[in-house]
Amino acid sequence: MEARRDFLQWWQGQALRALPVYFWGDLDYEGMHIAAALRRSFPDLECWQRGYQPLLDRLLASGGHLPQQAGKERHKAILSTGCAYADNHLIPALVDSGRCVDQEAVTAGQLIASVDDSDL
């Protein structure tokens, strides 16, 4: 219940401390645009590295798909989200590979295995 109370206080702008805000979506340009848009409301938002790393690994291993294979050919490139991890790792990988990876490529088991006690 303490976590719920802390969240509600933070959400209502009454928190004594800031809570971390993370985003995890598809590893494609639209996903990066969403992260950038969310940072306008949540300036400290970071792309969730533990969720994105398996997607990035797949992309770097020539996995994923071409944008036109998933109806993403109209997605516009983005140069910066404001998140250092996305800007320095995710976006350059998208540019270099010309491919995308949907978040569904990561299994729940992979996500659970990536979480440790410091995340809770």
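**Reading helices, rings and charges in a predicted model**

Tutor: Let's begin with a residue: at 31% relative accessibility, Leu8 counts as partly exposed. Keep in mind that this is a predicted model.

Student: Which helix holds Leu8?

Tutor: Helix α1, residues 2-11. Leu8 also joins Phe7 and Trp11 in a nonpolar surface patch of about 310 Å².

Student: Leu8 is at 31%. Why can it be part of a patch?

Tutor: Patch members need over 30% relative accessible area, and Leu8 has 31%. Trp11 is exposed, at 54%.

Student: What about charges? How many salt bridges does the structure hold?

Tutor: Just one. The side chains of Arg5 and Asp6 meet there, with 3.0 Å from N to O.

Student: Are the two partners buried or exposed, or something in between?

Tutor: They fall in separate classes: Arg5 is partly exposed at 44%, while Asp6 is buried at 15%. The cut-off for buried is under 20% relative accessible area.

Student: On to aromatics. How do I read the geometry of a ring pair?

Tutor: Look at the angle between the planes: under 30 degrees is stacked, over 60 is edge-to-face, and the rest are tilted. A search of the whole structure finds six pairs. One of them is Trp10 with Trp11, a tilted pair with 6.0 Å between centres and 50 degrees between planes. For Trp24 and Trp48, the centres are 5.8 Å apart and the planes sit at 80 degrees, so that pair is edge-to-face.

Student: Where do Trp24 and Trp48 lie?

Tutor: Trp24 is in the loop between β1 and α2, and Trp48 in the loop between β2 and α3, so their pairing ties together parts 24 residues apart in sequence. Trp24 is partly exposed at 22%, and Trp48 is partly exposed too, at 21%.

Student: Which residues do ring pairs link into a cluster?

Tutor: Phe7, Trp10, Trp11 and Phe42. Phe7 and Trp11 also turn up in the nonpolar patch with Leu8.

Student: Now helix α3. Which of its residues are buried?

Tutor: In α3, residues 49-60, they are Gly51, Tyr52, Leu55, Leu56 and Leu59. They span an arc of only 120 degrees around the axis, so they are on the same side of α3.

Student: What does that buried set pack against?

Tutor: Two strands and three helices: β1 (22-23), β2 (46-47), α2 (29-41), α4 (84-97) and α5 (108-114).

Student: And what happens just after α3?

Tutor: Ser62 takes a positive phi there, about 65 degrees.

Technical notes
Residues numbered from 1 in each chain as written. Predicted model: local features only at pLDDT ≥ 70, side-chain atom pairs only at ≥ 80, totals over all residues. Heavy atoms only, no water. Patch = residues over 30% accessible without salt bridge, like charges linked within 9 Å, V, L, I, M, F, W, Y side chains within 5 Å. Areas by Shrake-Rupley, 256 points an atom, 1.4 Å probe, with all protein chains shown as cover. Salt bridge = Lys/Arg side-chain N within 4 Å of Asp/Glu carboxyl O. Helix = DSSP H or I, 4+ residues; strand = E, 2+ residues; numbered from the N terminus. Buried < 20%, exposed > 50% of the residue type's maximum accessible area, 1.4 Å probe, protein only. Arc of directions from axis to C-beta. Contact = heavy atoms within 4.5 Å. Phe/Tyr/Trp six-rings, centres within 6.5 Å; stacked < 30°, edge-to-face > 60°.
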